[in-house]
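The report that follows is meant for a reader who comes to this structure without earlier acquaintance. It takes up a metal site, the cysteines and the pockets in turn.

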Amino acid sequence: MFFPEYRARRTRRDANLRRMVRETHLRVDDLIYPMFSAFGENIKKEIPSMPGIYQQSIENIVAEAKEVYELGIPAVILFGIPEAKDAVGSDAYSETGIIQETIRAIKKAVPELTVITDVCMCEYTDHGHCGIIHEGDVDNDETLKLLAAEALSHAQAGADIVAPSDMMDGRVAAIREILDANGFSHIPVMSYAVKYASAYYGPFRDAADSTPQFGDRRSYQMDPANRREAFREAALDVTECADFLMVKPALSYLDILRDIKDRFDLPLVAYNVSGEYSMIKAAAEKGWIDGDRVMLETLLGMKRAGADLIITYHAKEAAALLK
Ligand code: PBG
Ligand code: ZN
């Protein structure tokens, strides 16, 4: 194959030819929309660093869930902002916790929308860490019990998929075991298998009120410098019977997405995180980029890198453009 007999431009000549040779497709089926459920009534508070994304009380979440469903988006992932936080994150596994109430309300109003729940402690602990603290650090094995209780209570409230994001060792197995023992062997675990300690989570921590009150998350989330460690994390979760693997964040970790896609055959999820969303929104607001086109190109890039599904705050806008 060499020039001038071979000319690569021949299959780019018009829109139909480009359509015929297109290798990657972004579809509404690929999208998962994150939502923040806040305790109270009549709450709809925009997150300053995330234009278009709100902390909302349940009736407003339900209204938006209907909108999401009508756009054809298959699933939402829920985060909770409880009435009160404490050292052991009690609201996380309470039958009347913020997420449990939200799940019931959404499943009642829009039963066909798949409800995924984030399973973690940081939104519910007063210290903001993803587990309970013992001698200044998160106690892995004690935290497992609470995460398992949290996942079970989500399933009991009607969650369709549980998604642990805490990065404790052994959490997938602990959750699988408690779900199976309580009649929820049909509920999949979507594991945040490869989750880095990233500065891109900044806007989310404002949205979820979950900034650690001391220290940081580097003793449990992964070092951004590491690639082979990602294979070990994913392999562990496969052994523990995860049903989906996730890489998070997405944009600075497209190589990791491709690596995990090539090595594991579970459905692969990319989390297009808050900071990635904020950057596009801010640059578009300034008129420096075409926000819609940069968004679609970014999401397509994640699919091309290997993502089967993308959790993204852009889901509604993307779905509207893809119609
Ligand atoms: C909770 C959690 C976080 C995100 C998802 N689940 C924050 C964190 O680990 O600090 C980040 C999502 C985003 O930035 O959009 N563990
Ligand atoms: Zn957490």
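Four donors count as tetrahedral if all angles lie between 85 and 135 degrees, as square planar if opposite donors are over 155 degrees apart and all others between 65 and 115, a rule that six donors must also meet to count as octahedral, and anything else is irregular. Donors themselves are N, O and S atoms within 2.8 Å of the metal (3.2 Å for Na, K and Ca), and sites may look incomplete because water is not among the atoms.

This is a predicted model, in which local features need pLDDT of at least 70 and side-chain atom pairs count only at pLDDT 80 or more, while totals for chains, interfaces and linings use all residues. Residues are numbered from 1 along each chain as its sequence is written, chains are lettered from A and ligands numbered from 1 in the order in which they are written, and side-chain values use heavy atoms, with hydrogens and water left out.

**The zinc site**

The zinc ion (ligand 2) has as its protein donors the SG atoms of Cys120, Cys122 and Cys130, which lie 2.2 to 2.3 Å from it, and along the chain the donors follow the spacing C-x1-C-x7-C. The arrangement around the zinc ion (ligand 2) is tetrahedral because its four donor atoms subtend angles of 99 to 121°.

The table gives the accessibility of cysteines, where buried means under 20% relative accessible area, exposed over 50%, and partly exposed in between (1.4 Å probe, protein chains only).

| Residue | Relative accessibility | Class |
|---|---|---|
| Cys120 | 0% | buried |
| Cys122 | 6% | buried |
| Cys130 | 0% | buried |
| Cys241 | 44% | partly exposed |

The structure holds zero disulfides, a disulfide being a pair of cysteine sulfur atoms within 2.5 Å.

**The pockets**

On a 1 Å grid over the protein atoms alone, a pocket is an open set of points with protein on both sides within 12 Å along at least five of seven lines, and its lining residues have an atom within 4 Å of a point. The largest pocket has a volume of about 380 Å³, a volume being the space filled by probe spheres set on the points, which are joined across faces, edges and corners. Among the residues that line the largest pocket are Arg22, His25, Arg293 and Leu322, and helix H10 (residues 291-305) gives the largest share of this lining, five residues.

The second largest pocket holds about 170 Å³ of space. Of its 14 lining residues, Asn140, Met167, Asp169, Ser219 and Tyr220 are the closest to its centre.

Note on methods
On a 1 Å grid over the protein atoms alone, a cavity is a set of points where a 1.4 Å probe fits but cannot get out, and a pocket is an open set with protein on both sides within 12 Å along at least five of seven lines; lining residues have an atom within 4 Å of a point. Helices (H or I, at least four residues) and strands (E, at least two) are DSSP runs, numbered from the N terminus.
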